[in-house]
Amino acid sequence: MRWAGKDILGIQELSIAEIQLILDTTGSFKEVSTREIKKVPTLRGKTVINLFFEPSTRTRTSFEIAAKRLSADTINISTSSSSVVKGETLIDTAKNLEAMKPDCIVIRHPASGAPHLLARLMDVPVINAGDGAHEHPTQALLDLFTVREKVGRLAGLKVAIVGDILHSRVARSNIHGFTKMGAEVHLAGPPTMKPAAVERLGVHWHRSLAEVIPEADVIMMLRIQLERQEGGFFPTLREYSRLFGLNVDILKPAKPGVLIMHPGPINRGVEISPEVADGPFSVILDQVTNGVAVRMALLYLLVGGEKEADRSSL
Amino acid sequence: MRLKGKETVMDGEEIERALVRITHEMLERNKGVKDLVLIGIRTGGVYLAERIRTKIEQIEKFKVPFGIIDITLYRDDFAMGLPQPLVGKTEIPFSLRDKKVILVDDVLYTGRTVRAAMDALIDFGRPKFIQLAVLIDRGHRELPIQADYVGKKVITAPQDDVMVSFHEVGNPDRVVIQEKIT
């Protein structure tokens with residue numbers, strides 16, 4: 001199949017075939033980062049704007065490296081350095097940026113749906129790099145790729161996602177992604193962090209971490225957003241860590257080849273212990289490496305040509 | 001689009017003979033297998049490079065390193081709103097620094113694929129030199145590129161299709177020219 005979409009706004013909108021194409025394309029791009037010269041001329045002359053209205057190191061850097069490895073020019077705009085601080089609306093920002101003729105906009109925004117608004121307003125491809133508590137599609141794609149790469153398949157796997165499900169765009173995108181690809185998703189976390197009627201998404205809810213450990217092929221720990229503690233979602237970090245923190249002891253009944261994942265940044269000693277985060281089952285740094293390859297694949301698919309290849313002309 | 005005037009220009013036996021000759025030419029010209037590396041251009045070039053590698057092994061009792069290159073990311077028409085090709089994997093698990101690289105493809109036409117492949121190869125290290133082996137040279141070059149080893153030169157019109165089929169994918173070994181009528 002060939003890529004036909006204009007934007008990447010969420011995993012919910014992607015078909016199984018589209019996800020498959022992205023993952024297959026990612027496999028090809030991963031090799032580029034292992035070369036002596038980690039750069040290909042594919043997007044030479046193209047401009048990618050990273051528009052970040054929320055702090056981010058990992059995702060923004062990953063997008064920037066991905067674009068640069070494809071030889072695109074990148075411009076980084078963050079809230080503090082943009083006209084947003086002068087009162088400009090997102091719509092005006094978008095129209096002004098489009099007038100400068102970029103080839104792709106990558107946006108992170110605290111408001112759910114902001115990338116969708118931008119995509120409707122602009123002719124250039126828009127990639128959602130995280131919008132509020134809604135979706136983080138590129139994180140889910142790199143997670144899917146990492147699991148497929150390590151296990152060899154996605155269908156039939158049992159994936160546990162643990163922690164603050166309610167506020168997590170990573171969890172939401174991964175629920176859509178893994179269930180679409182035929183995996184069984186199990187969620188665990190404090191009841192105060194359980195989204196209402198989450199079972200409608202085809203997932204299973206558990207009240208304790210210990211319940212999900214023995215059966216899981218993949219355990220994905222979510223970052224506890226420390227500011228949430230003030231919101232009264234759980235009494236203390238210590239209690240959260242005792243009930244939902246992943247450590248060597250609680251992992252004892254886990255399957256031998258279980259994969260431990262975390263989207264980062266990690267609160268060591270809170271949601272995951274250092275021994276587990278750096279342990280033999282952890283694929284946390286593989287996730288980061290694969291993030292660059294996934295984003296290269298997406299930029300290639302979105303910014304590249306549109307029709308069927310005709311190699312005979314070469 | 002209709003096709004007419006189908007003509008077989010090489011059958012399995014002729015392809016085999018050409019590859020035997022090319023293999024001996026390579027060994028003679030490079031004085032053996034020292035530092036020799038074969039790189040097949042995806043897809044047809046890969047099958048041919050593998051066959052040449054087997055022949056070299058039969059003659060020299062040595063398996064020369066072998067790699068696969070996908071030129072998609074180096075195409076010079078990518079930014080022109082042209083087709084978006086699927087990206088295949090490049091598999092060169094060794095450095096090409098100071099190696100005698102023989103690039104293998106099935107058909108040499110405009111020369112743009114070979115240019116893209118050479119650009120890609122140089123990103124894997126600076127080879128001592130690059131030579132080019134092709135099964136068919138059909139002419140119509142758009143770049144100053146010439147093959148060092150040629151199975152057969154054929155005269156074609158620009159609108160012709162040159163199709164090479166391989167037994168590796170379940171088809172008889174054959175080179176066919178078809179005249180395209182649009």
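**A walk through the sheet, a helix crossing and two spaces**

Let's start with the open sheet in chain A: it has 5 strands in the order 7-6-5-8-9, paired in parallel fashion. Keep in mind as you look that this is a predicted model. Strand 7 (204–206) and strand 9 (259–261) of chain A sit at the edges with a single partner strand each, so one side of each has no neighbour in the sheet. On average, neighbouring strands here are turned by 20 degrees against each other, direction ignored. As a reminder, strands of a sheet pair through backbone hydrogen bonds, either parallel or antiparallel.

Now zoom in on one pairing. Strand 5 (residues 158–162) and strand 8 (residues 218–221) of chain A are joined in the parallel sense over 4 bridges. If you want a spot to click on, take A:Ile161, whose bridge partner in strand 8 of chain A is A:Met220.

Next, what lies across the sheet? Helix 5 of chain A lies across strand 8 and strand 9 of chain A, and it runs at about 160 degrees to strand 9 of chain A.

Helix 5 of chain A also packs with helix 1 (residues 16–30) of chain A, at an angle of about 70 degrees and with the axes 10 Å apart. Angles from 65 to 115 degrees count as roughly perpendicular, so that is how helix 1 of chain A stands to helix 5 of chain A. From helix 1 of chain A, the contact takes in A:Ile19, A:Gln20, A:Ile22, A:Leu23, A:Asp24, A:Thr26, A:Gly27 and A:Lys30, which meet A:Leu141, A:Leu144, A:Phe145, A:Arg148 and A:Glu149 of helix 5 of chain A. By class, this contact has 6 nonpolar, 3 polar and 4 charged residues.

Follow helix 5 a bit further and you get to a pocket. The second largest pocket holds about 670 Å³ of space, and helix 2 (58–69), helix 5 (137–151), helix 6 (169–180) and helix 10 (284–303) of chain A each give two or more residues to its lining. Helix 10 of chain A gives the largest share, 4 residues. There are 32 lining residues, with A:Arg108, A:Arg169, A:Arg223, A:Gly264 and A:Pro265 nearest the centre. The lining comes out as 10 nonpolar, 13 polar and 9 charged residues.

Last stop: the structure has 1 cavity of 30 Å³ or more. The largest cavity has a volume of about 40 Å³, and its lining includes A:Ser28, A:Glu31, A:Val32 and A:Arg35 along with B:Asp70, B:Leu73, B:Val87, B:Gly88 and B:Thr90. That lining splits into 3 nonpolar, 3 polar and 3 charged residues.

Technical notes
Residues numbered from 1 in each chain as written. Chains lettered and ligands numbered in written order. Predicted model: local features only at pLDDT ≥ 70, side-chain atom pairs only at ≥ 80, totals over all residues. Heavy atoms only, no water. 1 Å grid on protein atoms, 1.4 Å probe; cavity = no way out; pocket = protein on both sides within 12 Å on 5 of 7 lines; lining within 4 Å. Points joined across faces, edges and corners; volume = space filled by probe spheres on them. Nonpolar A, V, L, I, M, F, W, Y, C, P; charged D, E, K, R; others polar. Axes fitted to C-alpha atoms, helices over the stretch in contact; angles between N-to-C directions. Parallel < 35°, antiparallel > 145°, perpendicular 65-115°, else oblique. Contact = heavy atoms within 4.5 Å. Pairing = 2+ DSSP bridges.
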